[in-house]
Amino acid sequence: MLFSCIYILLVGFTNCFFFKMSWSASDFSLEGDYVLGGLFPLHEIEQETTLFSAQTTECFRHISSKFGYHMLQVMRFAVEEINNSTTLLPNVSLGYDIFDYCSNIKNFNSALRFISNNGSIKPKEKLNNYKPKVIALTGPYGSTRTMTIAPLFTMDLIPMVNYGASTYPLSNKLQYPSFVRTIPSNKDLIEMIIHIIRWFGWNWVAFLGSQDDYSSDGLKLFNEYISNTGICLAYQERLSLNANYSLTLKKIDILNINVIVIFALPQYASKFIKAAIANNIQDKVWIASNAWSMNQQLPREPGIEKIGTIIGITERLLSLPGFNEFVYKARGTTDVGHYDAEGDVKSKTCNQVCHYCSLLTAEEIINENPSLSFAIYSAIYTIAHALHKVLQCDINECQKNTMAKPYMLLGEIKKLDFILNGRQVKYDDHFDPAISFAVVLWHTEVNPPQFQMVGIYEKHPEITFTIDNTLLTWHDNGSVPFSNCSVECKAGYSRQPGGFHSCCFTCKKCPPNTYVDYSRDHYTCFPCAEGEWSDEGSTTCQSRTIVYPQFTEILSIIVMVSAACIIILLIAIFCLFAYNYDTPVVKSAGGSMCFLMLTSLILSSISVFFFFGKPTFVFCLLRNAIFEYFFTVCISCLTVRSFQIISVFKMATQFPKVYSLWVKHNGQWLFIAFVSFMHLISCVIWMTVNPVKAIADSWTFKDQIMLICEMGSTISFTIVMFISWFIGFLCLLFSYMGRDLPKNYNEAKSITFSLILYYLTWIAYFTAYLSVKSKYIIILNAVAQVSSINGILFSYFIPKSYVIIFQPQKNTPAYFQTSIQTYTQTISRT
């Protein structure tokens, strides 16, 4: 099989060059010290077919391409300009040998001629000894054509400075070591297309290509690069020239795709756009790749203005100073071909024939698609600058005796960095050029159609992409067309997947205390961190306010000052009672038991100070436990005191034995000790089995974290409260029974008032605690304790202190004896 292919190639080469031997100076050739090769598509084959024939394709028998002839003239112009230069390659002339390259598979003749030496090819010749016909070449146009013949040149390291092959695999220097290009690769082109799509916020696009390496590489790169960009490829297809374009358009319309990328060669793009016009497709956005973005015929198609907006991508610098004058001059002197009566071509070599070229006017050539003009121009100048370095040229002359081999140019090309018509020409390690794209808008509504530059894309010295939105006159009433699978969610809404494509979704409002962060994930409502909160439908969380009664708050100060005053007052009364210990008032108040009551009230008052400040375990432990225990001790003393008075005045006469036992065994102290012990046990159980602890209440208020003390075990807390309230009830009962005792011994009113105040205060507190959540509930707890202490202080101790200080005449045994006698006489009468 291999030998058959080689045979076909060699026979085709022989057929073309040995049966059509005549050669003359023309557009296709120029003598020079160093010859450059050129491959341009002066003709295009509509559709390639594989024929098992050794005959080389004769391009002139196929469709003519003015675009190809324009490119040929650019090469000729660049060579002439260099030959006329006094600084670049002085005293060295460049020549060229140009071929019409129209086929992917049957144009090897030109490639073989370039690598031949006097008509022969020696594959095993060493690089130092081998001298092919051309020192370097440019072309051909198209990625598939380039990849087909590139191995023939790269095996001998002949620089192949290409102007029209952008497929990314050609950047692989292991496979194509001598391939250099002056147009950006598909990688850069696809990146720019993605920049355009993202600039306008589109994410629902179609990608259409042709069945060649250029389109397949672009489609592969597009699929790869749109990952993690939010862009969805809604439809993709690689079309042949005889495909059903109408069916493709219907599929795109059904999917509601309004942005269509056509990454194809001009003949495919032209068929698709014409099909869109014929099918009355309207109001779409068409993104044209550089292969057809500056097409001169397509914008003139009738009805093209109705299909929507066409945005193209091309090289930024398109004009070549002096080129127009060169073409006008060439039209008057160039002999492009002579034909005899039978139409046979004279003085032409195989695929150096152009029937229509002599018919083209200078204006037609000049006005042809200029998108690759600078690429060809810079390719010729790249070769010239590299040869200038190899020949060790200065501003006056070059060292002609220096042996210049094709492979020597490669090392110099890699180091080149020069300015050409204001553009920097340099190459990276893959022999790819500096990127400088332009975004052009097609104005098809005017005659003749115009191309307006509306944006730029550069990668050196840094990535720069911008589009002037004011220059874009969209078909949709001036607003940017919509091309998204789903309408973007409002702020605070997360996406819910609605199909295969990530761009298709429904929107769901994020619940409270969650938020959606579009920079992280569009599909998740993230929970707020501890110490943060958010409303429903939020995009951020806010810090919660840490709330607890602080020492510096006014209410806190008022309560603490009140507690401090109570303590001072209790201490003063303690001292007053101690000083007047032997007086009747102190003895009637309980004698030594008063000091236990006063001490208990002082200790109970101290617990108030633990309600303020940041709660800790110790604070939580002391704020309620101290009060509950010592206040219960105080109430037990009041209970005994009430019972003892009743015993003296009533039980002593009715139950003398019981009274005798009560007095003999110090019943009052036994009762106080028993109650105190039982209550101490209940408090210890409350504080140890399930102790109170400081917690952060983050569920009551969305924007606050309340630092509170958890009450601990409900059962043990209930037992503690029950003991305290039960003793208070007994005290209230005994004081009621002694309501008719002598005035000096009658404590019913004071005790009843203090206990009713105690009950009402705590009932109010627990009602508020169960119905209202606030830091002020904690302050209310402290107020309840102060109020309970004040009830006993002001109803029991203050009146007695007043008598001691301001009514000393009532603090005498005689006065108390008179009260007892009066009570006895009253009882006896009844």
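Trainee: In this predicted model, which residues have the most contacts inside the largest nonpolar core?

Mentor: The largest nonpolar core of the predicted model has 134 residues. The largest share of this core, 12 residues, is supplied by helix H11, residues 373–390. The residues with the most contacts inside the core are Leu 89, Phe 222 and Trp 286.

Trainee: Which residues does Phe 222 touch, not counting residues up to four places away in sequence?

Mentor: Phe 222 is among the residues with the most contacts inside the largest nonpolar core. Once residues up to four places away in sequence are set aside, Phe 222 touches Ile 190, Ile 193, Ile 194, Ile 197, Val 205, Phe 207 and Leu 233.

Trainee: How many residues are in the second, separate core?

Mentor: A second core, separate from the largest one, includes Ala 563, Phe 595, Ile 751 and Tyr 765. As a general background, nonpolar side chains in soluble globular proteins tend to be buried together. The number of residues in this second core is 60.

Trainee: What percentage of the residues of the protein count as buried?

Mentor: The protein contains 22 helices and 29 strands, and residues 24 or more positions apart account for 71% of its contacts with a separation of 6 or more. Residues count as buried when their relative accessible area is under 20%. Of the 830 residues of the protein, the buried part is 53%.

Trainee: How far apart in sequence are the parts that the disulfide of Cys 232 and Cys 503 ties together?

Mentor: Cys 232 is joined to Cys 503 with an S to S distance of 2.1 Å, and the torsion about the S-S bond is about 95°, so this disulfide is right-handed. Cys 232 lies in strand E10, residues 232–239, and Cys 503 in the loop between strand E21 (493–497) and strand E22 (505–509), so the parts tied together are apart in sequence by 271 residues.

Trainee: Is Cys 525, in its disulfide with Cys 510, buried or partly exposed?

Mentor: The sulfur atoms of Cys 510 and Cys 525 are 2.0 Å apart and form a disulfide, and the link is left-handed, with -80° about the S-S bond. Cys 510 is buried, with a relative accessible area of 0%. Cys 525 has a relative accessible area of 23%, and therefore counts as partly exposed.

Trainee: Which elements hold Cys 620 and Cys 709?

Mentor: Cys 620 and Cys 709 form a disulfide with their sulfur atoms 1.9 Å apart, and both of these cysteines are buried. The torsion about their S-S bond is about -75°, so the disulfide is left-handed. The pair ties together parts that are 89 residues apart in sequence, because Cys 620 lies in helix H16 (residues 617–654) and Cys 709 in strand E29 (residues 704–710).

Trainee: Why is the sulfur of Cys 637 not bonded to the closest cysteine sulfur, in Cys 634?

Mentor: A disulfide needs a pair of cysteine sulfur atoms within 2.5 Å. Cys 637 is buried, at 0% relative accessibility. The closest cysteine sulfur, in Cys 634, is too far for a bond, because the distance from the sulfur of Cys 637 is 6.3 Å.

Trainee: Which element gives the most to the lining of the largest pocket?

Mentor: The largest pocket holds about 660 Å³ of space, and of its 25 lining residues the closest to its centre are Ser 64, Pro 266, Gln 267, Asn 295 and Gln 297. The lining divides into 10 nonpolar, 8 polar and 7 charged residues. Strand E4 (63–64), helix H2 (66–83) and helix H8 (266–278) each supply at least two residues of this lining. With 5 residues, the element that gives the most is H8.

Trainee: How many charged residues are in the lining of the largest cavity?

Mentor: The largest cavity encloses about 110 Å³ of space, and of the 14 residues that line it, the closest to its centre are Tyr 141, Gly 164, Tyr 214, Asn 290 and Ala 291. By class, the lining has 8 nonpolar and 6 polar residues, and the number of charged residues is none.

Trainee: Which element supplies the largest share of the lining of the second largest cavity?

Mentor: About 80 Å³ of space lies in the second largest cavity, whose lining divides into 6 nonpolar, 3 polar and 3 charged residues. H11 and strand E17 (423–426) each supply at least two residues of this lining. The largest share, 4 residues, comes from E17.

Note on methods. Residues numbered from 1 in each chain as written. Predicted model: local features only at pLDDT ≥ 70, side-chain atom pairs only at ≥ 80, totals over all residues. Heavy atoms only, no water. 1 Å grid on protein atoms, 1.4 Å probe; cavity = no way out; pocket = protein on both sides within 12 Å on 5 of 7 lines; lining within 4 Å. Points joined across faces, edges and corners; volume = space filled by probe spheres on them. Nonpolar A, V, L, I, M, F, W, Y, C, P; charged D, E, K, R; others polar. Buried < 20%, exposed > 50% of the residue type's maximum accessible area, 1.4 Å probe, protein only. Core = buried A, V, L, I, M, F, W, Y, C linked by side-chain atoms within 4.5 Å. Contact = heavy atoms within 4.5 Å.
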